[in-house]
Amino acid sequence: MDLDKFVVRSEEFIYGNMDNSKHVAFTVTENYVCYAGIVLTSILENSLGEYSFHIFSTNYSKNDILKIEKTAMKYKCNIYAHIVDDSAIRIYNDPGEFSYAAYYRLVIPEFMGKYSEKFFYTDVDVCCLKDMKELWSYKMEDKCALVVEIQGIAHRDEHLRVGVKKYFVSGGMLINTKNWKKNNISSKVFRLLNSKEHFVYPDMDILNIVLENKVIFINDNYQYQYSISSSIDVENKPSMATIPSDVIIVHYTGAVKPWNKMACNFLVAKPFTDIMKLSEWNDIKFYESSHYKQIHKAARLAKKEGNIKEVLYWYTKYGISKIKYLLKGKNNG
């Protein structure tokens, strides 16, 4: 892939020291730029070092650009808003329920090489709870990335499914750009992406296959994976569940995120919502799903939490949304 054509233009907000700066990258769609802003704020609020952030998106609202600049000025850091043309990526297999932005992480390591030999890639459904600078002190030798193994009983056989010894999550990786390029990882990744093989988690499955024996597994406190959606199903009091005290980065996996209205008051969501209030994106609204299944989950949650007012609200909304869904299906049929 021609990287010069992938990144069309970059808006640079340079307010910090570039020497020994630690680089962090995000790949998002336009409506998720705000969450990248919140996550980078969480890193800066817990940081003792210099950071440079790179956001890759097809577009940015004027409001987000203003907030990006304000954040760079406030924290004396550097933020690059890279505008990308993903038309070359869209020729590859449809990622299904996932965004094409997930594929950006497959190519940006080579682009990031001109900025640093190491950078941390992260999803935006995370929150930094402590200083993460120690990640950059790991000796990587000939390895391409530092990764964290996938967690949870539901994922215990993921490594067998794709034929690797251990399966890692791609939502948080410290990548060595030099070793990545030396091993032609991007080319190998896109070769698999262009194959007819079906992947459950397109970018993550492919990275696990291509990077087999080329990664170092590190402690999961650098990416503690917590599913709010699962906790709603299994916990007696989901809102009171907590995150272990040694966690450095929490990754909110699953369908329900800390910016969802049904979960925004959970103790596990508090680190994210507190940072959101501190950030320049403190005016964004909590997301409320219109899909009847998610509304039903919110109704069950309210019942479990013993909130009668919320029970009435969500079950009424659930009934209406389910009828609309059934009528829509009948009309389409």
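## Strands 1 and 4

Two strands count as paired if DSSP finds at least two bridges between them. With that in hand, let's walk through this predicted model. Strand 1 and strand 4 run antiparallel and are joined by seven bridges. One place to look is I14, whose bridge partner in strand 4 is N78.

## Strands 3 and 4, with helix 3

Strand 4 also pairs with strand 3, this time in the parallel sense, over six bridges. Here S57 has I83 of strand 4 as its bridge partner. To get from strand 3 to strand 4, the chain passes through helix 3, making a right-handed β-α-β crossover.

## How enclosed is strand 4?

Seven of the seven residues of strand 4 are buried, so the rest of the structure largely encloses this strand. Both of its faces are covered. On one side sit N78, Y80, H82 and V84, and on the other I79, A81 and I83, all of them buried.

## The whole sheet

Stepping back, these strands belong to an open sheet of eight strands with mixed pairing, in the order 1-4-3-2-5-8-7-9. Its edges are strand 1 (7–14) and strand 9 (215–217), each of which pairs on one side only. On average, neighbouring strands are turned by 25 degrees against each other, direction ignored.

Helix 3 (residues 62–75) packs on this sheet, where it touches strand 1, strand 3 (51–57) and strand 4 (78–84). The direction of helix 3 makes about 40 degrees with that of strand 1.

## Strands 7 and 8

Elsewhere in the sheet, strand 7 (residues 145–149) pairs with strand 8 (residues 168–176) in the antiparallel sense, over four bridges. Within this pairing, E149 has F168 of strand 8 as its bridge partner.

Definitions and conventions:
Residues are numbered from 1 along each chain as its sequence is written. This is a predicted model: local features need pLDDT of at least 70, side-chain atom pairs count only at pLDDT 80 or more; totals for chains, interfaces and linings use all residues. Side-chain values use heavy atoms; hydrogens and water are left out. Helices (H or I, at least four residues) and strands (E, at least two) are DSSP runs, numbered from the N terminus. Axes are lines fitted to C-alpha atoms, for helices over the stretch in contact, and angles run from 0 to 180 degrees between N-to-C directions. Contact means heavy atoms within 4.5 Å. Buried means under 20% relative accessible area, exposed over 50%, partly exposed in between (1.4 Å probe, protein chains only). A crossover is right-handed if, with the strands pointing away from the viewer, the path from the first strand over the helix to the second runs clockwise.
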